[in-house]
Amino acid sequence: MKPTLYFVTCLIAISGLTSHAEVIEVQGVEGENVKIDCKYPKGFENYEKYLTDVRYKRNNALIRAKKPNTLVTEGRYTMYDNTATRVFTITIKEAQMSDAKTYWCAVERTFRDDYTEVKLTVRPGVKSYTGQEGGSVKIECRYPEGFENYEKYLTDVRYKQNNALIRANKHNALVTEGRYSLYDNTLERVFTVTIKELQMSDAGTYWCAVERTLNDDYTEVKLTVQPGVTSHAEVIEVHGDEGGSVKIDCRYPQGFENYEKYLTDIRYKRKNALIRANKHNTLVTEGRYSLYDNTSVRVFTIAIKELQMSDNRTYWCAVERTLGDDYTEVRLIVHPVSGVPHIQKVIRVHGEEGKSLKIDCRYQEGFEQYKKYLTSAGRVINDTVIKTEYGNTLVTSGRYSLYDNTSARVYTVTIRELRMNDAGTYKCAVDRQQTDDFIRVTLSIHPVLGVTSYAEWIEAHGEEGGSVKIDCRYPQGFGNYQKYLTDNKWKLHNALIRSTKPNTLVTDGRYSLYDDTSARVLTVTIKNLQMSDAGTYWCAVERTLNDDYTEIRLTVQAGVTSSEKHIRVSGTAGGSVKIDCRYKNGYENSEKYLIDATRKLNNVLIRAKKPNTLVTDGRYSLYDNTSARVFTVSIKELQKSDAKTYWCAVEKTLSEDYAEVRLTVHSELTTSDEVIRARGTEGGIVKINCKYPEGFENYEKYLTEVRYKRNNALIRANKPNTLVTWGRYSLYDNTAARVFTITINELRHSDAGTYWCAVERTMNDDYTEVKLTVH
């Protein structure tokens, strides 16, 4: 009966997983947000969920929610897992045509993740553009990946390829046809159509099109053309904001294309011209003024930037003629902007080490669509720290982020986790075609009082037999992250000591660690220093992607005596012990060995003939570190009979140099009489923590339900500090804490019973009984 019941239980669980829709079809509109609702069955509330576009590959998740009922954001993706309704919702912001494809909502499980197919289609949105009569307009048409080499065109009659106003059969090349030009940028998958010398009749509906074999792909475009300034306007009235810029379009009649044009604030006085253009169709700049005479539309345009309240007065657009110049009155009204600073050419900002800083960089009207960037030196793009691609989009690069608010004409640069070496000169810049527009930024950093600034490395010094304290600083925002000390960078499982709780003293052997989150300082103490402790270490903050390391260079000076004559060490039966034997200067190349109490050379337990080379013989190993003048003997799998007197010896020409070693071996610390009680819920997860004594770090660990039979192990770990998974079981051996943790996933009622955590030893394995209850 039991196998039958077990089969029925599995069948119910499996059928429960397929209760959701096999395929979810979602439609979106380009530029708008799209929501995808993914249901899952009861019992999977606490499992991780994610969205992927590559099935069966967890690492390709576009966004992942590790905590239920918490909003998670990743770029344009957001995700919220509502365990009450058992629905996790993914939102894709500002949908693009390239987003149209197949996705999978996934629930991460032990054996095989549970997938629900999602088919997303995206309809092109209607884009609106506005131009001014006589001016020009640029229309940007985006297209999905895979269509780079297809022909693109603009038409005002949909579904008729032959009515194309302009067509590009070459990509990344400018094509011009009358008043139309087209450039297809395949790198960004955008083709841009420019219409110049706009006419009122140009207003209407167009379609950007990608020519395909069966049906062309169309994107609707609405174009509005505003009337220009009439040629006989008596008064032109324009408005601008203080600190901004303004454009004045001055029309003139046919026949005056080759005459000089100018702007003046004193009528009838040519010599008082604020700016003058003696060449047409050429941009002329004079201080804050610029003038461009477009003879094809008979309009000359004056731009005034960095508007001041004193600019609020009457001007005249003028065409210079032989008898009497032709004037058009211009009334400029400048509005003060309350609470908004002027556009400054120099910005001075101050920040505090470890904190964040925001820099607001204003720019003139007309530069909304230009790219903005922050550069650290000169005007070289290669020195760019961060750069925008599009307006009103947050861009992040390392510690830097940039957001361009085109409506306010301000782009904001944020620098996080400020460092002392961030201080210096930067430039906010607008990327223009000819000369970039710069604002100089001077950044000063104030150090945190009472705490030294970050260093590339820390030098620590101690004396043999004494102790040393090492202060490691970390930036703001990492107070609750785990910290540790290691002598093997990039391997977090090689931690010599690790803190799991902030503001709590942690001790492990000769090491102690205290994380002071208020001062953001991690203090490591090493006591009873040995010459072999000298070397390189790293203070580390454990982060999700890459841990943050600070290098430590530790030197240990020799103690008062050049060598010890009496050494006392102790170990635990079944474990291991290390004996550090110091020797005097000048004996680096002499042979070293360990001998038992008889001092007879035929009783040598291990000998090293080569310095700085590990020698192993049975349970003994010896390493001679000549730089520290210490040779270290290790004895593993200690036995009670090992408790006796030994001699560390340096072979000399006339007589040997000995140091007495007295080894004590304590009785084995077994946990076999202890019972671990664990409880879990059917369909859930249970974790079992199994402790073991010092000296057994490198032994194999396993879980079994049949005591004294190694071959019946349910799961086994033959490598410490490495996660091992087998079916529903996983095992992780944390040698720093001397605890190996067994996890059982998707619990069943049949899992209830007695197990044994086991440490595999040469003679008899060490067992700890585990009682598991499943509700």
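**Exercise 1. Locate Asn 612 and describe its backbone and its accessibility**.

Step 1: Asn 612 sits in the loop that links strand S49 (604-608) to strand S50 (615-617), where strands are DSSP runs of E with at least two residues, numbered from the N terminus. The structure is a predicted model, in which local features need pLDDT of at least 70 and side-chain atom pairs count only at pLDDT 80 or more, while totals for chains, interfaces and linings use all residues. Residues are numbered from 1 along each chain as its sequence is written, and side-chain values use heavy atoms, with hydrogens and water left out.

Step 2: Most residues other than glycine have a negative phi. Asn 612, although not a glycine, has a positive phi of about 60°.

Step 3: The relative accessible area of Asn 612 is 38%, so the residue is partly exposed (buried is under 20%, exposed over 50%, partly exposed in between, with a 1.4 Å probe and protein chains only).

**Exercise 2. Carry out the analysis of phi and accessibility for Asn 172**.

Step 1: Asn 172 belongs to the loop between strand S13 (164-168) and strand S14 (174-177).

Step 2: Its phi is near 60°, a positive value in a residue other than glycine.

Step 3: Asn 172 counts as partly exposed because its relative accessibility is 38%.

**Exercise 3. Determine whether Lys 483 is buried or exposed, and list its polar contacts**.

Step 1: Lys 483 is part of strand S39 (residues 483-486), and with 0% relative accessibility it counts as buried.

Step 2: A polar contact is a pair of N or O atoms within 3.5 Å; within protein, one must be able to donate a hydrogen and the other to accept it, and residues adjacent in sequence count only if both atoms are side-chain atoms. The side chain of Lys 483 reaches the backbone oxygen of Tyr 481 at 2.8 Å, and it makes a polar contact with the side chain of Asp 515 at 2.9 Å.

Step 3: Leaving aside residues up to four places away in sequence, Lys 483 touches, among others, Phe 478, Leu 513 and Val 541, where contact means heavy atoms within 4.5 Å.

**Exercise 4. Describe the largest nonpolar core**.

Step 1: This core has 25 residues, being a set of buried Ala, Val, Leu, Ile, Met, Phe, Trp, Tyr and Cys residues joined through side-chain atoms within 4.5 Å.

Step 2: The residues with the most contacts inside the core are Cys 472, Leu 485, Ile 526, Ile 552 and Leu 554.

Step 3: Among the strands that each supply at least two residues are S37 (457-463) and S45 (548-557).

Terms used. Helix = DSSP H or I, 4+ residues; strand = E, 2+ residues; numbered from the N terminus.
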